[in-house]
Amino acid sequence: MGSADATLRPGTTEVLIVDPEIPDPAAIARAAAIVRAGGLVAFPTETVYGLGANALDAAAVRRVFEAKGRPAEDPLIVHLAAAEGLDRVAGEVPGLARRLAEAFWPGPLTLVLPKRPAVPAEVTAGLPTVAVRVPAHPVALALIRAADVPVAAPSANRFGRASPTSAQHVLDDLEGRVDLVLDAGPTAVGVESTVLDLTRNPPTILRPGGVAREAIERVAGRVAVAELSLRDPAGAPSPGLLASHYAVTPELIVVECPTAVATASALARIAELARAERERGRRVGVILAEEDPVDLPPEVEARRIGSAEDLAAVARGLFAAMRELEALGVDVILARTFGAQGLGLAIRDRLRRAATRLLPG
Ligand code: TXA
Ligand code: MG
């Protein structure tokens with residue numbers, strides 16, 4: 001377990017199935033021992049599965065980058081078991097950080113704060129700041145507590161791919177590159193945490209995610225949202241926040257829909273694209289809301305992932321639907337966005353970044 005060359009010995013990933021609410025203490029103890037020994041453990045959070053390592057162990061953190069194929073300039077999120085641990089990693093914790101932690105932790109909000117020297121430069125990609133959150137998942141919390149160290153963890157996918165919302169997704173990407181996977185079933189939120197930079201004025205959402213902007217503003221007052229630059233990686237709001245991310249192998253055509261409930265024109269566009277692609281002999285997958293009235297040609301694989309009235313369900317099912325259609329071998333996936341309110345903003349962000357083509361609805 002936890003050997004230094006974990007990423008160099010393919011085929012050695014162990015999987016332990018654990019109860020998502022009351023994980024077996026022996027499984028947690030084993031996972032914690034691996035983390036403490038400098039190994040890599042993939043574990044469930046409420047958002048997506050994370051690829052965890054001891055955040056205070058630079059060599060272990062380097063192994064995370066190696067396993068993912070992630071560029072070193074893309075910083076990691078440090079996961080804590082409780083807000084009290086903040087002072088261990090953050091150099092300065094303003095009152096607003098404490099209020100946000102009180103309101104949203106455990107939960108899918110990541111705060112960017114000035115870092116303490118104890119956090120290795122590997123974790124933060126050399127930045128003077130550190131991203132921190134307390135995940136709302138009993139397995140994640142038990143692991144961090146048992147390891148008794150902050151756990152640095154990016155999403156447990158190969159770099160640039162859709163984030164994993166199940167243990168199988170983790171294995172599909174990282175089998176043989178991680179020591180252990182704790183399998184507690186599918187994750188509840190399905191998109192990653194909201195990353196909020198508290199070192200900027202006003203506080204700035206670098207990545208929309210599981211906590212809606214509207215909810216943050218009820219605590220923090222007005223916040224800014226960093227604009228996604230789709231063409232210019234140099235314009236990314238934070239290192240690693242590149243466009244062209246969360247991708248799958250098929251082409252992905254995204255139709256922008258200004259509202260959660262689909263507009264007739266967005267659906268007409270999807271139907272038209274599906275017909276045109278079928279006529280070219282291509283295999284087509286479509287991602288839609290349950291109730292979207294679309295007239296699709298035969299032999300199109302439709303994934304209706306939730307109602308437009310229930311964006312939590314849409315977010316939960318999004319990455320899984322992308323990976324499922326990819327596994328079916330479709331040539332092209334058609335999907336629509338769900339406006340920009342609430343979770344709609346995170347859904348749109350992920351679809352925009354994953355898109356090979358972006359069309360107005
Ligand atoms: O829900 C999540 O956030 C999941 C689970 C596992 O916690 N984690 C996750 O990690 O999505 P990752 O590495 O895939 O994305 C972390 C994001 C990156 O976009 C990175 O640029 C940003 O957080 N980030 C990390 N540290 C930062 C820092 N010091 N300043 C600005 N952005 C930072
Ligand atoms: Mg990621």
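**Close-up 1. Strands β12 and β15 run side by side in the parallel sense, joined over 5 bridges.** This is a predicted model, as are the other views below. Look along the pair for Val-255, which sits opposite Arg-336 of β15. Helix α9 (residues 264-279) packs on this sheet, where it touches β12, β13 (284-288), β15 and β16. The direction of α9 makes about 175° with that of β15.

**Close-up 2. Zoom out from that pair and you get an open sheet of 5 strands with parallel pairing.** Reading across, the order is β14-β13-β15-β12-β16. At the edges are β14 (301-304) and β16, and each of them pairs on one side only. From one strand to the next, the twist averages 20°.

**Close-up 3. Helix α11 (residues 344-354) has 10 of its 11 residues buried, so the rest of the structure largely encloses it.** The buried set is a mixed bag: Gly-344, Leu-345, Ala-346, Ile-347, Asp-349, Arg-350, Leu-351, Arg-352, Arg-353 and Ala-354. What covers them? The cover includes strands β10 (204-207), β11 (224-225), β12 (251-256), β15 (332-336) and β16 (357-360), along with helix α10 (311-328). As for how α11 sits on the sheet, it lies across β12, β15 and β16 and runs at about 140° to β12.

**Close-up 4. Here is the other sheet: 11 strands, open, with mixed pairing.** The strand order is β1-β8-β2-β3-β7-β4-β6-β5-β9-β10-β11. Strands β1 (14-17) and β11 take the edges with a single partner strand each, so one side of each has no neighbour in the sheet. Helix α7 (residues 167-174) lies across β1, β2, β3 (49-54) and β8, running at about 160° to β8.

**Close-up 5. Strand β4 (residues 77-79) pairs with β7 (residues 151-152) in the antiparallel sense, over 2 bridges.** To find the match, start at Val-78: its bridge partner in β7 is Ala-152. Helix α6 (residues 138-147) packs on the sheet here, touching β2 (41-44), β4, β7 and β8 (180-183). The direction of α6 makes about 140° with that of β2.

**Close-up 6. Strand β6 (residues 129-133) is mostly covered, with 5 of its 5 residues buried.** Both faces are covered: Thr-129, Ala-131 and Arg-133 are buried on one side, Val-130 and Val-132 on the other. Which way do its partners run? β4 is parallel to β6, and 3 bridges join the two. β5 (residues 109-114), by contrast, pairs with β6 in the antiparallel sense over 4 bridges. For landmarks, His-79 has Arg-133 of β6 as its bridge partner, while Val-112 stands opposite Ala-131.

**Close-up 7. Helices α4 (residues 95-104) and α8 (residues 213-220) cross at roughly 130°, their axes coming within 10 Å.** That angle makes α4 oblique to α8. The crossing is right-handed. On the α4 side, the contact is made by Leu-96, Arg-99, Leu-100, Ala-103 and Phe-104. The α8 side brings Ala-215, Ile-216, Val-219 and Ala-220. Sort the contact residues by type and you get 8 nonpolar, no polar and 1 charged.

Definitions and conventions:
Residues numbered from 1 in each chain as written. Chains lettered and ligands numbered in written order. Predicted model: local features only at pLDDT ≥ 70, side-chain atom pairs only at ≥ 80, totals over all residues. Heavy atoms only, no water. Axes fitted to C-alpha atoms, helices over the stretch in contact; angles between N-to-C directions. Parallel < 35°, antiparallel > 145°, perpendicular 65-115°, else oblique. Left-handed = near helix turned anticlockwise from the far one by under 90°. Contact = heavy atoms within 4.5 Å. Nonpolar A, V, L, I, M, F, W, Y, C, P; charged D, E, K, R; others polar. Buried < 20%, exposed > 50% of the residue type's maximum accessible area, 1.4 Å probe, protein only. Pairing = 2+ DSSP bridges.
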